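This report is meant for a reader who meets this structure for the first time. It moves from the central sheet to the core, and then to a pair of helices and one loop residue.

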Amino acid sequence: MVVSIEKSVMLLATYVVATLGAGVGRCELSPGVEVSCLAWGTLHITESANAEAALDIIQTAVDQGITTFDLSDVYAGGRAVERFGEALKIAGPSFRKGIEIVAKMNIVGGGYNSSPEHLSTVLEWYLDELGTDYVDFLLLHREDYLMDYEDVAQTFRRFQSEGKVRHFGASNFQRSTYELMDSKFPLVTNQIEVSVRNWSAIQDGTLAFHQQQNTSVMAWGALGGDGWGGLNPLFKTSGEFANSQGFSKIRSALRSVGAEMNCEEDVVALSWLYSHPSGIVPIIGTMNKERLMRQATAVSHPMSREQWYRIASDIGVPIP
Ligand SMILES: NC(=O)c1ccc[n+]([C@@H]2O[C@H](COP(=O)([O-])OP(=O)(O)OC[C@H]3O[C@@H](n4cnc5c(N)ncnc54)[C@H](OP(=O)(O)O)[C@@H]3O)[C@@H](O)[C@H]2O)c1
């Protein structure tokens, strides 16, 4: 399946819509399966003082056109889903209908569990905590070396026929495991790490593979963070990575292009992802409303091909 041209045209259309003030716009993860072109992740949602404060940042995201929310049962030991659910309950049922919920699962203490029993238990827990009848996306959070792909596919079919899950995907799957799962049950996305700091998916053919599959990836660590422990080593100005030479090189490359594009470094980092023709959907995780609103403008800050490659060479990525 080939999507690159349609995806590029669609992405360009998104830029126009966003420029006209309709927020981040809509993107397809696979044909007919839409999300907002920027998603917001709940890894840090428990930093909010209470459910009202959580709803405030969720509403700020929605006001920017961000309707896709990424959850995992392991974030804050399950408390992230609880807090998101409390916020949804205050917002009411019509609010839930206007958003897409991405529910990741299969990580358990010290390993992974993708058995039908475990997936069913976790899905029911999600539905209960969120006060909803369905989630839009169920993703297997990480590769489970012991998983029975046929059992998982049967479980997915059951969840879909019960109306409890609309679409299915993977996260952090390499090409071979993604292909195997996709051959048993069609997946719509792979949520993986991609950023100006981590080029692996661009250089090792992962993004090309997903273009061929007609699926777009959702990118975590999109701002160069490592996704762990609340750190974003690239943008946090304190902590053990603050003075790392590699990171200051990346920051300065982003700053220099940002000066030309008239935007901040984090916006440049997201715009850099949007420039890729595979239609990457970045996930951001800030709990700061000002940063959220600023980062949501990235779709309306396209960069040139020359700027994209200049960032690469400035940070030392070999361009033969
Ligand atoms: N599938 C997976 O395996 C996986 C792994 C990791 C994450 N995720 C998902 O991806 C989402 C995003 O995670 P992420 O780590 O990539 O988020 P992120 O956007 O890098 O945010 C992480 C931290 O960076 C800080 N930050 C962001 N922009 C900043 C800026 N301009 N200046 C200073 N600090 C800044 C934020 O602090 P403030 O709140 O103070 O702004 C936040 O605590 C998560 O919420 C989660 O849903 C998925």
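How many bridges join strand β4 (residues 68-72) to β5? In this predicted model, 5 bridges join β4 to β5, and the two strands run parallel. The pairing can be followed down to single residues, since L71 has A103 in β5 as its bridge partner, and A103 in turn stands opposite L138 in β8. Strand β5 is joined to strand β8 (residues 135-140) by 4 bridges, and this pair also runs parallel.

These strands belong to a closed arrangement, in which 8 strands form a barrel in the order β3-β4-β5-β8-β9-β10-β11-β12, with parallel pairing. Neighbouring strands of this sheet are turned by 30° against each other on average, if direction is ignored. Strand β3 (residues 39-41) is joined to strand β12 (residues 281-284) by 2 bridges, again with the strands running parallel, and A39 stands opposite I283 in β12. The table gathers the strand pairs described here.

| Strand pair | Bridges | Direction | Residues opposite each other |
|---|---|---|---|
| β4 and β5 | 5 bridges | parallel | L71 and A103 |
| β5 and β8 | 4 bridges | parallel | A103 and L138 |
| β3 and β12 | 2 bridges | parallel | A39 and I283 |

Is strand β5 largely enclosed or open? Of the 6 residues of β5 (residues 100-105), 5 are buried, so this strand is largely enclosed by the rest of the structure.

The protein as a whole has 13 helices and 12 strands, and of its 320 residues 45% count as buried. Among contacts with a separation of 6 or more, 74% are between residues 24 or more positions apart.

In soluble globular proteins, nonpolar side chains tend to be buried together. Here the largest nonpolar core has 85 residues, and those with the most contacts inside it are F84, L138 and A219. Helix α11 (residues 265-274) gives the most to this core, with 7 residues. That helix is mostly covered, as 10 of its 10 residues are buried; among them are V267, V268, L270, W272 and L273, and also the charged residues E265 and D266.

F84, one of the core residues with the most contacts, touches T42, I45, A54, F69, L71 and L130, leaving aside residues up to four places away in sequence. Two of these names return elsewhere in this account: L71 is the residue of β4 paired with A103, while A54 lies in helix α2 and takes part in its meeting with helix α3.

The axes of α2 (residues 51-63) and α3 (residues 79-91) come within 8 Å and cross at roughly 80°, which makes α2 roughly perpendicular to α3. On the α2 side, A51, E52, A54, L55 and I58 meet R83, F84, E86, A87, I90 and A91 of α3. By class, this contact has 8 nonpolar, no polar and 3 charged residues.

Where is N172 found? N172 lies in the loop between β9 (165-171) and α7 (175-184). Why does N172 count as partly exposed? The reason is that N172 has 17 C-beta neighbours inside 10 Å, whereas a residue is buried if 20 or more lie within that distance. N172 touches R142, E143 and I192, not counting residues up to four places away in sequence. With I192 the separation along the chain is 20 residues, yet the C-alpha atoms of the two are separated by 4.9 Å.

Methods
Residues numbered from 1 in each chain as written. Predicted model: local features only at pLDDT ≥ 70, side-chain atom pairs only at ≥ 80, totals over all residues. Axes fitted to C-alpha atoms, helices over the stretch in contact; angles between N-to-C directions. Parallel < 35°, antiparallel > 145°, perpendicular 65-115°, else oblique. Contact = placed C-beta atoms within 7 Å. Pairing = 2+ DSSP bridges. Core = buried A, V, L, I, M, F, W, Y, C linked by C-beta atoms within 7 Å. Buried ≥ 20, exposed ≤ 12 C-beta atoms within 10 Å, placed from the backbone.
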